[in-house]
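This report covers the strands, the nonpolar core and the charged side-chain pairs of one chain. Please read it with the structure open.

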Amino acid sequence: MKLLNTTSRIVTLWVIAMLVMISGLRAESLENEGAERVVVTLQNTLIQAMQQGQEIGYSGRLKLLTPVIEQTHDLAAIIRSVLGAHWAKLDSDQQQAITRVFQANSIATYADRFNQYDGEQFKIIEQTQLPRGRMLVRSQLIRSDGSPVNFDYVMHEAGGSWRIINIVVDGVSDLALKRAEYSAVLQKDGVTALIDMLEQKTSRIEQNQQ
């Protein structure tokens with residue numbers, strides 16, 4: 001009788017352990033699917049903007065892309081990371097101003113660059129868990145001639161969903177490029193000059209679309 005009770009307890013513990021392991025695997029799978037789904041949503045919208053690019057024009061692409069970029073990118077976290085130690089030196093009004101113009105310039109840049117379609121397609125390659133709970137979603141943009149452009153998305157969780165915090169294109173980090181550019185302006189001329197620079201960049205994009 002004691003042997004049966006012992007065996008029963010062992011079986012019960014084994015079943016519980018298996019259920020915990022399976023639940024963990026399912027949770028990890030859902031996390032992975034969530035990160036990939038965010039990237040796919042962005043890329044599908046970029047293809048749509050390219051396909052309709054000439055028909056809807058710059059303003060139409062801007063309208064199409066704005067909500068999707070805001071939902072798939074953590075633009076506030078990106079500008080904080082770009083500015084690094086400089087961020088803490090800004091007052092609240094300056095932080096809000098630089099975040100606002102950075103967001104406007106980021107979306108305008110997307111609308112400017114993804115403006116025409118020639119049979120390009122995105123495809124997901126793989127996704128990898130990174131330290132500090134981050135995810136890397138690797139993908140490619142396949143040009144009409146078959147040549148690929150590598151797009152690697154570094155993502156973190158914010159507000160219960162995955163958000164893009166860096167994009168590495170063919171090995172070149174967008175975050176690193178912006179850090180170098182913005183830091184040089186900040187050190188030389190201060191935050192007002194950086195805000196002006198971003199506003200001017202956005203204005204030039206708008207003027208070139210007219």
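In this predicted model, five strands make up an open sheet, and their order is β1-β2-β3-β4-β5. The pairing is antiparallel. Strands β1 (121–129) and β5 (172–173) are the edge strands, and each of them pairs on one side only. Inside the sheet, strand β2 (residues 135–142) runs antiparallel to strand β3 (residues 148–158), and eight bridges join the two. One residue pair in this part of the sheet is V137 with its bridge partner Y153, which lies in β3.

Y153 also appears in the nonpolar core. The largest such core has 53 residues, and Y153 is listed with L83, I98, M155 and Y182 as those with the most contacts inside it. Leaving out residues up to four places away in sequence, Y153 touches V39, L42, Q43, F122, M135, L136, V137, S139, I164, N166 and I167. The bridge partner V137 is thus also one of the residues that Y153 touches.

Next come the charged pairs. Side chains of opposite charge can pair when their charged atoms come close. Over the whole structure, a search finds four salt bridges. Three of them are set out here.

| Salt bridge | Closest N to O distance |
|---|---|
| E126 and R138 | 3.3 Å |
| R138 and D152 | 3.4 Å |
| E181 and K201 | 2.6 Å |

E126 forms a salt bridge with R138, and this pair links distant parts of the chain: E126 is in strand β1 and R138 in strand β2, twelve residues apart. R138 also meets D152 in a salt bridge. Because R138 lies in strand β2 and D152 in strand β3, that pair ties together parts that are 14 residues apart in sequence. E126, R138 and D152 are therefore linked in a network of salt bridges.

Which members of this network are buried and which are partly exposed? E126 has 37% relative accessibility and counts as partly exposed. R138, at 31%, is likewise partly exposed. D152 has 13% relative accessibility, so it counts as buried, the limit being under 20%.

The side chains of E181 and K201 meet in a salt bridge, which links distant parts of the chain: E181 is in helix α6 (residues 174–189) and K201 in helix α7 (residues 191–208), 20 residues apart. E181 counts as partly exposed at 29% relative accessibility, and K201 counts as partly exposed at 25%.

Definitions and conventions. Residues numbered from 1 in each chain as written. Predicted model: local features only at pLDDT ≥ 70, side-chain atom pairs only at ≥ 80, totals over all residues. Heavy atoms only, no water. Core = buried A, V, L, I, M, F, W, Y, C linked by side-chain atoms within 4.5 Å. Buried < 20%, exposed > 50% of the residue type's maximum accessible area, 1.4 Å probe, protein only. Contact = heavy atoms within 4.5 Å. Pairing = 2+ DSSP bridges. Helix = DSSP H or I, 4+ residues; strand = E, 2+ residues; numbered from the N terminus.
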